[in-house]
Amino acid sequence: MNSPILVLESDAYDNRANVPREWFDAMEALPEAESRRFLHCCHDEFEGRVFTSFGECNICKQFPVPYAWRGVSWPTIRGFDPGVTGAGWIWVSAVTGIEILRASRGWADLPDGMENGHLVVWWEYQPREVQIESQVAKVKGWDRGIPIQFTGIDPSDARQNTGRGLRTTGELLEDLGLTPVTKAPNDETAFILLANQDFASGRAWIQDCCQNLIRQLRDEVYDSNAKPGAAKRKYARQFHTLSAYKYARMLEPELLSGKQAERRQGKTGSKTGY
């Protein structure tokens with residue numbers, strides 16, 4: 001007669017004699033869900049997560065942007081997602097002049113491993129029930145003197161009644177001096193794929209001051225009641241920062257191509273990209 005087989009789940013601590021103490025220290029310092037996954041084999045902690053490649057390795061300490069980099073090796077997009085009771089703003093820069101960065105006195109502040117082609121999210125702003133004029137005034141201050149190539153927004157931007165008449169969000173932003181404004185591709189599936197590739201390869205860096213975006217990337221889950229591939233955003237109604245990041249990331253090829261700089265100089269016959 002065959003005896004039943006009893007399987008006992010083991011965790012990392014059962015093998016502590018063969019694992020360096022430093023590894024346990026690193027795993028215990030991770031967010032709770034990630035720590036439980038590696039230390040206690042709780043792989044269902046990640047069930048349904050959208051951004052499965054995002055982790056601590058994609059988060060870096062906040063570092064200043066030296067003046068010498070600005071506009072030369074630090075081309076930047078703002079992403080903006082408006083809402084009824086809140087909004088989200090994100091600043092994303094692309095590293096394109098690593099030689100200039102290495103020659104700068106600020107190089108020591110950068111995380112190890114940063115190279116040309118990497119993307120850095122270095123600031124976020126998530127106002128609630130703040131008039132757009134007040135938002136824009138703060139946004140201009142948070143640009144920190146860095147030339148912004150353009151502001152990426154939702155492509156479904158439609159005209160609505162505002163304090164300045166019947167205007168789209170893009171037109172309103174341009175009226176307030178945030179030019180040029182560009183509609184971003186709104187392909188959710190493509191964004192999720194690109195973002196996971198960025199995180200897995202170590203290309204995308206999020207500064208630790210962007211806590212709302214970090215939380216949304218960790219907590220974004222698929223809605224089990226929705227169609228396959230549809231994502232349920234747990235915090236979008238409050239902060240919108242993840243959608244703002246989507247618009248900025250989807251416009252990155254245009255940022256690096258220099259098209260927006262040409263538009264601002266009138267070379268394409270258009271004042272803005274809107």
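**A mixed sheet, its cores and a buried glutamate**

In strand β5, Gly 152 is the bridge partner of Gly 79, where strands are DSSP runs of E with at least two residues, helices are runs of H or I with at least four, and both are numbered from the N terminus. The model is a predicted one, in which local features need pLDDT of at least 70 and side-chain atom pairs count only at pLDDT 80 or more, while totals for chains, interfaces and linings use all residues. Residues are numbered from 1 along each chain as its sequence is written, and side-chain values rest on heavy atoms, with hydrogens and water left out.

The glycine bridge belongs to the pairing of β2 (residues 76-82) with β5 (residues 148-153), which runs in the parallel sense over four bridges; two strands are taken to pair if DSSP finds at least two bridges between them. Both strands are part of an open sheet of seven strands with mixed pairing, in the order β1-β9-β4-β3-β2-β5-β8. Its edge strands, each pairing on one side only, are β1 (59-60) and β8 (181-183). Helix α7 packs on this sheet, touching β1, β3, β4 and β9, and its direction makes about 110° with that of β4; the axes behind this angle are lines fitted to C-alpha atoms, for helices over the stretch in contact, with angles from 0 to 180 degrees between N-to-C directions.

Strand β4 has a partner on either side in the sheet order. With β3 it pairs in the antiparallel sense over six bridges, and here Trp 91 stands opposite Trp 123 of β4. With β9 the pairing of β4 is parallel, over three bridges, and Leu 119 stands opposite Ala 204 in β9. Seven of the seven residues of β4 are buried, that is, under 20% relative accessible area with a 1.4 Å probe and protein chains only, whereas exposed means over 50% and partly exposed lies in between.

The largest nonpolar core (buried Ala, Val, Leu, Ile, Met, Phe, Trp, Tyr and Cys residues joined through side-chain atoms within 4.5 Å) has 30 residues, and those with the most contacts inside it are Phe 51, Phe 199, Leu 213 and Tyr 245. Two or more residues each come from β3 (87-94), β4 (119-125), α6 (188-201), β9 (204-207), α7 (211-219) and α8 (241-250), with α8 giving the largest share, six residues. Tyr 245 touches Ile 90, Val 92, Val 121, Phe 191, Phe 199, Ala 204 and Leu 213, leaving out residues up to four places away in sequence; contact means heavy atoms within 4.5 Å. A second, separate core of 28 residues includes Trp 91 and Trp 123, together with Ile 132 and Leu 176.

Also in β4 is Glu 124, which counts as buried because its relative accessibility is 7%. Beyond its neighbours within four places in sequence, Glu 124 contacts residues including Trp 89, Cys 209, Leu 213 and Thr 241. The C-alpha atoms of Glu 124 and Cys 209 are 7.9 Å apart, although 85 residues separate them along the chain. The side chain of Glu 124 makes a polar contact of 2.9 Å with the side chain of Asn 212, and one of its polar atoms lies 3.3 Å from the backbone nitrogen of Gln 211. A polar contact is a pair of N or O atoms within 3.5 Å; within protein, one must be able to donate a hydrogen and the other to accept it, and residues adjacent in sequence count only if both atoms are side-chain atoms.

The structure holds zero disulfides, a disulfide being a pair of cysteine sulfur atoms within 2.5 Å. For Cys 60, the nearest cysteine sulfur is that of Cys 209, 8.4 Å away. Cys 60 counts as buried because its relative accessibility is 5%, whereas Cys 57, at 60%, counts as exposed.
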